[in-house]
Amino acid sequence: MKQIDSPHNAIFKNLKALATNAKARREQNKVILEGIHLTHSYLLTGQLPVSCVVSRSAEDNWEVSTIITRCEQQGIPIVSVNDSQFEALSSVDNGVGVLLVIEQPVANTPEVLAESALLLD
C-alpha cells in the first residue's frame, strides 16, 4: 500500500482531477466508484479496478479491510491518503473512506433492435 501525504504528489493530483473534473474523466476514460457498497459490488463482478484509494481512518474498518484484501489479492494498486486529502476526493458527505478508480464501462447496445424495447427518458 502506497501512502501519500502531500497534496502535490502526482498520483494525488491525478485522483483529484478525476474526482472533480468531468473533462479529466473523459480524457482518461475512467470513473470513480465511492463507498463500501459500490466498491464491494464492483469487485464481486470479477472486474478489476485500476486502483483503490482509502483514507487512513478507514483502514481499520472491517468492511474496508475486506476490500483492501481483495484488491491486494488481485494485485490492484492501493493508495492510502490522509483524511483531509480523501475529503478533497470525496463527493459523499459522510462516507467511510474508500473508492475505486475504474475504466469507463462501455455500453453494449446493438445497432439494430431485433426485439421489442422500452425507451426510458
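Here is a short tutorial dialogue on reading the fold of this predicted model.

Q: Where do I start: how many helices and strands does the protein chain have?
A: Begin with a count, then read the order. The protein chain has 5 helices and 5 strands, and along the sequence they follow the pattern β-α-α-β-α-β-α-β-α-β.

Q: In which order do the strands stand in the sheet?
A: Sheet order is read across the strands, from one edge to the other. Here it runs β1-β4-β3-β5-β2, in an open sheet with mixed pairing. At the edges sit β1 (2–4) and β2 (30–34), each pairing on one side only. On average, neighbouring strands are turned by 25° against each other, direction ignored.

Q: In what sense do β2 and β5 pair?
A: Follow the bridges between the two strands. β2 and β5 (residues 98–103) are antiparallel, with 5 bridges. Within this pair, Ile32 stands opposite Val101 in β5.

Q: Which strands does helix α1 touch?
A: Look at contacts, then at direction. Helix α1 (residues 10–20) packs on the sheet and touches β1, β2, β3 (51–55), β4 (78–81) and β5. Its direction makes about 85° with that of β2. Helix α4 (residues 62–73) lies across β3, β4 and β5, and runs at about 150° to β3.

Q: What share of the residues is buried?
A: Counting residues under 20% relative accessible area, buried ones make up 31% of the 121 residues in the protein chain. The accessible surface comes to about 8,000 Å², and 50% of that belongs to carbon and sulfur atoms.

Q: How far apart are the mean positions of the positive and negative charges?
A: For the 9 positive and 14 negative charges of the protein chain, they are 10 Å apart.

Methods. Residues numbered from 1 in each chain as written. Predicted model: local features only at pLDDT ≥ 70, side-chain atom pairs only at ≥ 80, totals over all residues. Heavy atoms only, no water. Pairing = 2+ DSSP bridges. Helix = DSSP H or I, 4+ residues; strand = E, 2+ residues; numbered from the N terminus. Axes fitted to C-alpha atoms, helices over the stretch in contact; angles between N-to-C directions. Contact = heavy atoms within 4.5 Å. Buried < 20%, exposed > 50% of the residue type's maximum accessible area, 1.4 Å probe, protein only. Areas by Shrake-Rupley, 256 points an atom, 1.4 Å probe, with all protein chains shown as cover. Lys, Arg positive; Asp, Glu negative; His and termini not counted. Charge placed at Lys NZ, Arg CZ, Asp CG, Glu CD.
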